[in-house]
Structures are given as C-alpha cells and as structure tokens.
Amino acid sequence: MPKFAAGVVKFQQEVFPDNAELFEKLAQGQSPEALFITCSDSRIETGMLTQSQPGDLFIVRNAGNIVPPHTLETGGTTAAIEFACTALNVPHIVICGHTQCGAMHGAMHLEGLGALPHVRNWLSYARAAVEITNELGKDLDERARGLMLLEQNVILQLTHLKTHPAVAVRLARGDLRLHGWVYDIADGEVNAWDEARNRFEPVSQRYAAEVAKHLALHTHT
Ligand code: ZN
C-alpha cells in the first residue's frame with residue numbers, strides 16, 4: 001500500500017474520531033477566512049504553515065502561484081477566484097510564493113523548457129516579473145536575484161488578481177484585503193508585501209497588531 005493510502009486508513013481510525021465535532025460542523029458547509037493561492041510544490045503544507053484547520057482556507061495551487069490576468073477564457077484558477085469572492089465572500093486573498101521555487105527558476109530560463117510546452121506557456125504569465133528582475137537585479141548575485149523574482153512574481157500576480165471582476169468589485173466595496181507572501185522553506189520565515197512602504201517584511205512585523213490580538217484571544221479561551 002502506498003504511504004498516502006495507509007495514511008487515509010490512519011486518518012479514519014484515529015484522526016477523524018478524535019475531531020468528530022469539527023467534522024460534523026464542516027459537513028454543514030464552509031466559510032473560509034481566505035482564498036490561499038500558492039505553488040503546487042510538495043514542500044508547502046498550508047495547514048501546518050498557517051496553523052489552520054480544515055474549513056479555514058479555500059486553496060488554489062498551481063506551478064508558480066500564478067493568477068492569469070482576467071480574459072474571456074475560462075480556467076480553473078479564474079473559476080476558483082470567482083467562486084471564492086462571489087459565492088464564499090472570503091474576506092482575504094493570500095498569494096504565497098516560496099523559496100527554491102522550480103517554477104520561478106523555469107520562468108527565468110524558459111529556453112530550457114522545450115520538452116514542457118504547457119509549463120513554458122504557463123510560466124509566461126510571470127514574464128513581467130522576470131523582466132523587472134533582469135532590469136532591477138542586474139547587479140545582484142544569483143541568490144538575491146532569485147529572491148527578487150519570487151517577490152516580483154507575487155506582486156505581479158496580485159496585479160493580475162485585481163483584473164478579475166469578482167475581485168475588483170469586492171475591492172471597490174472595501175471588504176476584501178489582498179496579501180502577498182514569500183515563504184522561506186529553509187528557515188520558516190514568511191515575508192509579507194507592504195505596498196505603502198514598497199517592501200517585504202516578516203509576517204510578525206507586518207501584522208504585529210493583529211497577531212498580538214489573536215494570541216491574546218487564544219490565551220483567554
Ligand atoms: Zn514553487
């Protein structure tokens with residue numbers, strides 16, 4: 001039996017009965033706090049990273065945490081965004097990139113993707129981020145340039161997100177907040193985009209007031 005199938009049996013025998021109340025509640029419906037858009041990379045575990053439970057995050061994953069700009073063509077990412085914003089009314093959308101991202105490495109070197117035509121086309125949605133990085137990062141070493149690309153890609157995909165009518169109308173109404181993050185696989189750091197200051201800073205600083213409020217609530221309950 002593959003490890004993941006054995007895992008299901010363990011889940012059914014141990015985890016599910018231990019969380020019966022939660023699963024009973026989840027069977028009534030969902031009301032997630034955020035649409036969480038991240039990379040398909042196997043090293044990202046959204047529940048572990050955000051310490052969230054089933055029902056908390058509506059998740060879209062694809063190579064490179066990409067959001068194609070809105071067009072008249074239907075796609076899985078577009079449909080999920082529309083559903084999350086219009087039907088579920090999520091109050092937050094997070095786009096979360098990550099270090100050591102193979103997709104972003106590929107976006108930087110599209111010429112090496114001849115055997116992967118769909119990957120190559122898909123990653124072209126990050127082209128503006130690649131070109132900005134080539135321009136602004138031309139004097140940086142490869143590591144710093146790689147990090148700049150991850151950040152620029154998150155910013156670019158946030159821009160694409162705003163072209164989706166379902167997002168635009170929520171932003172106009174003022175009841176949707178967008179977040180751009182980069183998760184560092186090696187050290188667990190998560191840096192969040194601060195548009196007003198034009199920089200990324202650790203989540204603990206970026207959300208200092210909210211984090212303090214949440215942790216205080218948690219200790220009181
Ligand atoms: Zn990735």
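Author: Let's begin with a word we will need: a residue counts as buried if its relative accessible area is under 20%, as exposed if that area is over 50%, and as partly exposed in between. Keep in mind that this is a predicted model.

Reader: Thanks! Is Cys-101 buried or exposed?
Author: Let's compare its value with the cut-off. Buried means under 20% relative accessible area. Cys-101 has a relative accessibility of 5%, so Cys-101 counts as buried.

Reader: Which residues coordinate the zinc ion?
Author: Cys-101 takes part, and its neighbours at the metal can be read from the spacing of the donors along the chain, C-x58-H-x2-C. One of them, His-98, has 1% relative accessibility and therefore counts as buried. With distances of 2.0 to 2.3 Å, the zinc ion is held by SG of Cys-39, NE2 of His-98 and SG of Cys-101.

Reader: Which residue in β2 stands opposite Cys-39?
Author: For this we look at how β1 and β2 are joined. The two strands run parallel, with six bridges between them. β1 is mostly covered, as six of its six residues are buried. Opposite Cys-39, in β2, stands Asn-62.

Reader: And what is the bridge partner of Phe-36 in β3?
Author: Here the pairing to follow is the one between β1 and β3. These strands pair in the parallel sense, over five bridges. The bridge partner of Phe-36 in β3 is Val-94.

Reader: Which strands stand at the edges of the sheet?
Author: Let's walk along the sheet, which is open and has six strands with mixed pairing, in the order β2-β1-β3-β4-β5-β6. An edge strand has a single partner, so one of its sides is left without a neighbour in the sheet. That is the case for β2 (57–62) and β6 (199–202).

Reader: By what angle are neighbouring strands of this sheet turned against each other on average?
Author: The sheet in question is the open one with the order β2-β1-β3-β4-β5-β6. Direction is ignored for this angle, and the average for neighbouring strands is 25°.

Reader: Which strands does helix α8 touch?
Author: Two helices that pack on the sheet are worth a look together. Helix α4 (residues 76–87) touches β1 (34–39), β2 and β3 (92–98), and its direction makes about 165° with that of β2. Helix α8 (residues 142–161) also packs on the sheet, and its direction makes about 160° with that of β4. The strands touched by α8 are β1, β3, β4, β5 and β6.

Reader: Which residue in β5 stands opposite Trp-181?
Author: Trp-181 lies in strand β4. Strand β4 (residues 177–183) and strand β5 (residues 190–194) run antiparallel, joined by three bridges. Opposite Trp-181 in β5 stands Ala-192.

Reader: How many aromatic pairs are found in the whole structure, and what kind of pair do Phe-11 and Phe-16 form?
Author: The search of the whole structure finds eight aromatic pairs. For Phe-11 and Phe-16, the centres are 6.0 Å apart and the planes make an angle of 75°. Planes over 60 degrees apart count as edge-to-face. The pair of Phe-11 and Phe-16 is therefore edge-to-face.

Reader: Are Phe-11 and Phe-16 buried or partly exposed?
Author: The range between 20% and 50% decides this. Phe-11 has 31% relative accessibility, and Phe-16 has a relative accessible area of 40%. Ring pairs also link these two with Phe-23 into a cluster. Both Phe-11 and Phe-16 count as partly exposed.

Reader: How many residues apart are Trp-181 and Tyr-207?
Author: Their rings form an edge-to-face pair, 6.2 Å centre to centre with 70° between the planes. Both residues are buried, and the charged end of Arg-206 sits over the ring of Tyr-207, 5.8 Å from its centre. The pair links distant parts of the chain, with Tyr-207 in the loop between α10 (203–206) and α11 (208–220) and Trp-181 in β4, at a separation of 26 residues.

Reader: Which residue that is not a glycine has a positive phi of about 40°?
Author: Most residues other than glycine have a negative phi. The residue you ask about lies in the loop between β2 and α4, and its relative accessible area of 1% makes it buried. Its name is Asn-65.

Terms used: Residues are numbered from 1 along each chain as its sequence is written. This is a predicted model: local features need pLDDT of at least 70, side-chain atom pairs count only at pLDDT 80 or more; totals for chains, interfaces and linings use all residues. Side-chain values use heavy atoms; hydrogens and water are left out. Two strands pair if DSSP finds at least two bridges between them. Helices (H or I, at least four residues) and strands (E, at least two) are DSSP runs, numbered from the N terminus. Axes are lines fitted to C-alpha atoms, for helices over the stretch in contact, and angles run from 0 to 180 degrees between N-to-C directions. Contact means heavy atoms within 4.5 Å. Donors are N, O and S atoms within 2.8 Å of the metal (3.2 Å for Na, K and Ca); water is not among the atoms, so sites may look incomplete. Buried means under 20% relative accessible area, exposed over 50%, partly exposed in between (1.4 Å probe, protein chains only). Rings of Phe, Tyr and Trp (its six-membered ring) pair if their centres lie within 6.5 Å; planes under 30 degrees apart count as stacked, over 60 as edge-to-face and the rest as tilted. A charge sits over a ring if NZ of Lys or CZ of Arg is within 6 Å of the ring centre and within 35 degrees of the ring normal.
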